[in-house]
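Student: Please take a close look at the surroundings of the ligand and describe which residues line them. I would then like the account to continue into other parts of the fold.

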Amino acid sequence: MKTESTKDKILSRRTFAIISHPDAGKTTLTEQLLLFGGVIRDAGTVKGKKTGKFATSDWMEIEKQRGISVTSSVMQFQYKNRNINILDTPGHQDFSEDTYRTLTAVDSAVMVIDSTKGIEDQTIKLFQVCRKRGIPIFTFMNKLDRIGKDPLELLAELEEVLGIESYPMNWPIGMGKEFLGVYDRFYNRIEQVRVEEKDRYIDLDEEGRAPESAAITQSGLYDKCLEEIELLSEAGNEFSEERILNGELTPVFFGSGLTNFGVQTFLDTYVELAPPPQPRHSTEGEIEPTEEAFSGFIFKIQANMNPAHRDRIAFLRICSGKFERGMNVTVARTGKQVKLSQSTQFMADDRHTVDEAVAGDIIGLYDPGTYQIGDTLIGGGKAQFQYDRLPQFTPELYIKVTAKNVMKQKQFQKGLTQLVQEGAIQLFRSLHLEEYILGAVGQLQFEVFEHRMKGEYNVDITIQPMGSKIARWVEGEVSENLSSSRSLLVRDRYENKAFLFENDFALRWFQEKNPDVKLYNPMEV
Ligand code: G4P
């Protein structure tokens, strides 16, 4: 048997994240994909692990929750000669900067939309991060087994709310109880619901019609579908693989994760159209994934589930070459050499030691405190380049923190510094009072912070909630006199100044009064 070259292995990788608003059906779809990949045997394996409601004050529960995010962070399976890596983007209470950063480590994204609800908040935020990277975005309109929004309206939302053009790969014939199937424009066939595999597909003729002998043609829903297909052909966007790969056009699939309808067709098309590992920009220009030298970057650091061990797991996206366990690498930021002897890969609910991995893959590295988020690792004894810094994300929720016991200042500082380095929370200091202010994308991060300060650093903290704020960084210098309770001037941990505005109104009012102060949102730069 011919052995696969490293290059072949790299080109077989498809690494993506599923983005969605909570409850749109991400877990259900992931599970179906894993079933097709043969990684799990029963539906419910991934889903059953969702702890659902948990008492946020219960540290063990949070640990459990976080543990789950560790083990299910990356799911790998093989399908049709492709090696697929799905990266989890935690939602619900676990939504954090990590969720955003995960999107810097993928080559494409699958956006799941609940067709009964349309485009929701969290989807918009995650979409924008993908959009900025220009990665291809595949859309799965879910829950067609329920009566949802009109499909044309859903397409209009994609364009109006997200500003992305779309190309429906298939089109629903009815919905809810009367969902008969989809008209597949890509494979030129009709795929029917609740029909055995051998009869499920009806091939269409050159004009895109089903043979009249097919029962489905008797339905008014079929006629309606044909009318809409005609409309799409005349007024809709043209299919363009190039535009899909540039992230300008999203292919849209209608289906139902729960009843497993349309998922396999989606997967088949996805593996055809989705890109292999892409080059990544560095201080030395673009680095091709097929370059021989090993390189990668850390996009996430997660503390060990067991508080008795302070070690952490750093998640590395391999960007070029091949990883072999035991190899020596250099951390570009520090020049420090490290032997990578403890490495993990994740498989649904399991993790195991990984001996070999290639560009496109994600591995977990044991981290005794060596790495920081955004670090570049390069094979051998010298680091010739660094990958671009990871984007900064704008926190939305803020708290003030102090140590309850002033004698514990030293541990307080230490814990604060280390936990901020992990990147789930951002640290600010108010200019006059030098208060410690923490900002996060999701509320859970504060609770995790409080518990870890106590559990790992033995420091009780006092939290004073500040609520949600709009943070805008300042370009250049700014007078400290402009700081007020509604527009609080703070410094981030890199000493850059930013204002925390009470609300949108306060932001606009400030801009009107101070047109010379240049403000920016790092997520929009
Ligand atoms: P998430 O990971 O995006 O948060 O969503 P998840 O898959 O957990 O799905 C959220 C809810 O939507 C679940 O119902 C799930 O069964 C349901 N769902 C997912 N896909 C479909 C679909 O295609 N059709 C329909 N009708 N429902 C779907 P739940 O009641 O919250 O959970 P459960 O009690 O069923 O487990």
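**The ligand and its surroundings**

Tutor: The side chain of Asn142 places an N or O atom 3.0 Å from an oxygen atom of the ligand. The model is a predicted one, and each distance below is to be read in that light. A shorter polar distance involves Thr28, whose side chain has an N or O atom 2.5 Å from a ligand oxygen. The backbone also takes part: a polar backbone atom of Gly257 lies 3.1 Å from an oxygen atom of the ligand. On its own the ligand has 700 Å² of accessible area, and the protein covers 71% of that area.

The shell around the ligand holds 19 residues, and the closest of these are Asp23, Lys26, Thr27, Thr28 and Asp145. By residue class, the shell divides into nine polar, seven charged and three nonpolar residues. Helix H2, which spans residues 26–36, supplies three residues, the largest share of the shell.

Away from the ligand, the description may begin with a small sheet. Four strands, in the order S7-S8-S9-S10, form an open sheet with antiparallel pairing. Its edges are strand S7 (170–173) and strand S10 (201–203), each of which pairs on one side only. From one strand to the next the twist averages 20°. Within this sheet, four bridges link strand S8 (residues 181–184) to strand S9 (residues 189–192) in the antiparallel sense. One of the bridge pairs sets Gly181 opposite Gln192 of S9.

The chain after S10 leads to Thr217, which sits in the loop between S10 and helix H8 (220–235). Is Thr217 buried or exposed? Residues under 20% relative accessible area are classed as buried, and Thr217, at 15% relative accessibility, therefore counts as buried. Its side chain has polar partners in the protein. The Thr217 side chain comes to 3.2 Å from the backbone oxygen of Glu212, and a side-chain to side-chain polar contact of 3.3 Å joins Thr217 to Gln218.

Helix H10 comes later in the chain and provides a clear case of burial. Because nine of the eleven residues of helix H10 (residues 263–273) are buried, the helix is largely enclosed by the rest of the structure. The buried positions are Val263, Thr265, Phe266, Leu267, Asp268, Thr269, Tyr270, Val271 and Leu273. As a general point, an α-helix has 3.6 residues a turn, so residues three or four places apart point the same way.

Burial is also marked in a further set of strands. All nine residues of strand S15 (residues 312–320) are buried, and the strand is mostly covered. S15 has antiparallel pairing with strand S14 (residues 295–303) over eight bridges, one of which pairs Gln302 with Ile313 of S15. S15 is also joined by six bridges to strand S22 (residues 362–367), and these two strands run antiparallel. In that pairing, Ala314 has Leu365 of S22 as its bridge partner. S22 is itself mostly covered, with five of its six residues buried.

The final part to consider is a sheet of eight strands. This open sheet has the order S27-S24-S26-S25-S29-S30-S28-S31, with antiparallel pairing. S27 and strand S31 (518–520) form its edges, each pairing on one side only. Here the twist averages 40° from one strand to the next. Inside the sheet, strand S28 (residues 470–475) and strand S30 (residues 497–501) run antiparallel and are joined by four bridges. In one such pair, Arg472 faces its bridge partner Phe499 in S30.

The loop that leads into the edge strand S27 deserves separate mention. Val459 is found there, between helix H12 (444–457) and strand S27 (461–468). With a relative accessible area of 1%, Val459 is buried. Val459 also brings together separate stretches of the chain: Lys408 is 51 residues away in sequence, yet the two C-alpha atoms are 6.6 Å apart in space.

To return to your request, the contacts of the ligand include the side chains of Thr28 and Asn142, together with the backbone of Gly257.

Technical notes. Residues are numbered from 1 along each chain as its sequence is written. This is a predicted model: local features need pLDDT of at least 70, side-chain atom pairs count only at pLDDT 80 or more; totals for chains, interfaces and linings use all residues. Side-chain values use heavy atoms; hydrogens and water are left out. Two strands pair if DSSP finds at least two bridges between them. Axes are lines fitted to C-alpha atoms, for helices over the stretch in contact, and angles run from 0 to 180 degrees between N-to-C directions. A residue is near a molecule or strand if one of its heavy atoms lies within 4 Å of it. A polar contact is a pair of N or O atoms within 3.5 Å; within protein, one must be able to donate a hydrogen and the other to accept it, and residues adjacent in sequence count only if both atoms are side-chain atoms. Accessible areas come from the Shrake-Rupley method with a 1.4 Å probe; for residues, only the protein chains shown count as cover. Ala, Val, Leu, Ile, Met, Phe, Trp, Tyr, Cys and Pro count as nonpolar, Asp, Glu, Lys and Arg as charged, and the others, Gly among them, as polar. Buried means under 20% relative accessible area, exposed over 50%, partly exposed in between (1.4 Å probe, protein chains only).
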